[in-house]
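Student: I've got a model open and I'd like to talk through it. Can we go over it piece by piece?

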Amino acid sequence: MNNTAAAPAPEAKTIRDPKAVKVKRALLSVSDKAGLVEFAKELMAHGVEILSTGGTAKAMKDAGIDVKDVSEHTGFPEMMDGRVKTLHPTVHGGILSRRDNDNHVQAQADHNIGDIDLVVVNLYPFVETVAKDADYDTCIENIDIGGPAMLRSAAKNHEFVTVVTDPQDYQAVLDDMKAHDGATTYKLRQQLAANAYAATATYDSNISSWFSKQIDADDYPRRTSISGTLKQTLRYGENPHQSAALYMVDGSSRPGAASATQIQGKELSYNNINDTDAAYELVAEFDEPAVAIIKHANPCGVAIGNTILQAYEEAFKCDTVSAFGGIIAMNRTLTADSAKRIIDTFSEVIIAPDVEAAALDVLKDKKNVRVLTTGGMPDIHDRRRMITRVAGGLLVQDNDFGVITRDDLKVVTEREPTEDEYRDMLFAFKVGKHVKSNAIVYARDHATVGIGAGQMNRRDSSRIAAMKMKEMDGAPARYDHLVVASDAFFPFADGLIAAAEAGVTAVIQPGGSIRDEEVIKAADERGLAMVYTGMRHFKH
């Protein structure tokens, strides 16, 4: 045994940042006044002189904070309804001056320009104004000019100036000042400068997107940009060696997996969010109570019914094996009776517009199951732009907003479908829109009974869907009717023949193949009814 006493740990040493800059004067001009008064009081405690404008100055003065108006600092009044107030050499010279450059310092002395060491600006609420369906002129007036100019000036001169764009960063600035005798460190100023440029880029991106819609909603502008706000970093991406994060698209109000509120369960993964989004978009297709069970972004069971419980029971029957560990989406409130049935099989995620309190009581023992509520359903008619990244570029297209109704169908066979077949063909074609190509969907009585997804040829998709159907239902030939939907035309008759051999009585497909007559003939020879939609639904 070693009885030697351990040597005392050395005292921690504070490392002084040689680039730390003391904050003596700050300019605060914010739209979001959360935490403003508290922040300003802390700055006063450090002896910081505070400059401000308009409503920001009033809020601080009303709280007893000593504030100097920018117009007094510049000797120049605000004008043009506030459009011109901080766009002045005294402001930008005080922000942009390099303190280690003799020419800059002399110019300041010659023109009586004092340093501004801290710029706190968040911008006019342009996105929020657009979201309120404000008129054109109101949106224009909510485009900030002076704010972005000050942010960019301060960010450029971050070697000497601290810039803050978000109330979330107030505490970091105060902590830094407290630890460094009223000064901020270079590392923090760099981080905040990066935030500032991201904020102005996002702001301009949102304005550009709005403007392009005002000019021509169907036009693709010469330049485009994407803006979003970080909602959360994720444990990893599709695989553990990939990093990932979820960003919210600025200005979007579409209910779905990204914007949902998580009521319980483990942290959502990248794959959870991707699959849940696919599931929720699918059930939005239906006016009736609908349930979709998704695995790897493809449905393994979909049904509509009089109730969510009935829809779930029928969706589950389609593929009970794949449903294990699946994502469950519904377009109605989750009820207690549905929750009791759902927890019989392990599920990763349940998403619904709302959840009954009694249903939460049922689910609380399944602590790992992620339960999400959205507060509403996405509008399937909403026109949006979808973006896919490719090497060196972006693929941009409209979302698949196409909807087929009974009136759109063209009967091309000798036999016309029955009412039951019409009903189920329209149902199956809606489901097929959300199945990876090549997509084949077998359905009966408002429920899928077999799904073939993502194969390199349509015949294999048909055979896989038929195999799934046989595994679950045994002998489908007993059905008085059974329909199949194809997301695109049958290039050869073999895919249709495979469906006929599985017991299909009616077919819905876009049509348009050079061998359409051959496929129609094969359908007539087997007594099938077939309709064309004139619209395909490839999904990659």
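Student: Which residues of helix α1 (residues 36-45) are buried?

Tutor: Quick housekeeping: this is a predicted model, where local features need pLDDT of at least 70, side-chain atom pairs count only at pLDDT 80 or more, and totals for chains, interfaces and linings use all residues. Residues are numbered from 1 along each chain as its sequence is written, and side-chain values use heavy atoms, with hydrogens and water left out. Helices (H or I, at least four residues) and strands (E, at least two) are DSSP runs numbered from the N terminus, and buried means under 20% relative accessible area, exposed over 50%, partly exposed in between (1.4 Å probe, protein chains only). On that basis, the buried residues of α1 are Leu36, Phe39, Ala40 and Leu43.

Student: Why do they sit on the same side of α1?

Tutor: An α-helix has 3.6 residues a turn, so residues three or four places apart point the same way. Here the arc is taken from the directions from the helix axis to the C-beta atoms. The buried residues of α1 are on the same side because they cover an arc of only 95°.

Student: Which exposed residues are on the face turned away from that buried side, and what covers the buried ones?

Tutor: The cover is judged by contact, meaning heavy atoms within 4.5 Å. It includes β2 (25-30), β3 (49-52), α2 (54-62), β5 (118-122) and α9 (170-179). The face turned away carries the exposed residues Glu38 and Ala45.

Student: Which residue with a positive phi follows α1?

Tutor: Its phi is near 80°. The residue is Gly47.

Student: Moving on to Thr90 in helix α4, which residues does Thr90 touch?

Tutor: Thr90 has a relative accessible area of 9%, so Thr90 is buried. Leaving out residues up to four places away in sequence, the contacts of Thr90 are His73, Thr74, Ile113 and Ile116.

Student: How many salt bridges are there?

Tutor: Side chains of opposite charge can pair when their charged atoms come close. The rule used is a side-chain nitrogen of Lys or Arg within 4 Å of a carboxyl oxygen of Asp or Glu. By that rule the count is 29.

Student: Which residue does Asp115 meet in a salt bridge, and what parts does the pair tie together?

Tutor: The N to O distance is 3.6 Å for Asp115 and Arg99. Asp115 lies in the loop between α5 (102-110) and β5 and Arg99 in the loop between α4 (89-96) and α5, so the pair ties together parts 16 residues apart in sequence. Asp115 is partly exposed at 26% relative accessibility. At 22%, partly exposed too, is the partner, Arg99.

Student: Is Asp117, which forms a salt bridge with Arg99, buried or exposed?

Tutor: The closest N and O atoms of Asp117 and Arg99 are 3.1 Å apart. Asp117 has a relative accessible area of 5%, so Asp117 is buried.

Student: What is the N to O distance between Arg341 and Glu313?

Tutor: Arg341 lies in helix α13 (residues 336-342) and Glu313 in helix α12 (residues 308-318), so this pair ties together parts 28 residues apart in sequence. Arg341 is buried at 19% relative accessible area, while Glu313 is partly exposed at 25%. Their side chains meet in a salt bridge with an N to O distance of 3.1 Å.

Student: How many aromatic pairs does a search of the whole structure find?

Tutor: Rings of Phe, Tyr and Trp (its six-membered ring) pair if their centres lie within 6.5 Å; planes under 30 degrees apart count as stacked, over 60 as edge-to-face and the rest as tilted. The search of the whole structure finds 9.

Student: What kind of pair do Tyr136 and Phe211 form?

Tutor: Tyr136 is in helix α7 (residues 136-141) and Phe211 in helix α10, 75 residues apart. Their centres are 6.4 Å apart with 85° between the planes, and the pair is edge-to-face.

Student: And which residues form the aromatic cluster with Tyr136 and Phe211 in it?

Tutor: Tyr136 is partly exposed at 41% relative accessible area, and Phe211 is partly exposed at 30%. The one cluster is formed by Phe126, Tyr136, Tyr203, Trp210 and Phe211.
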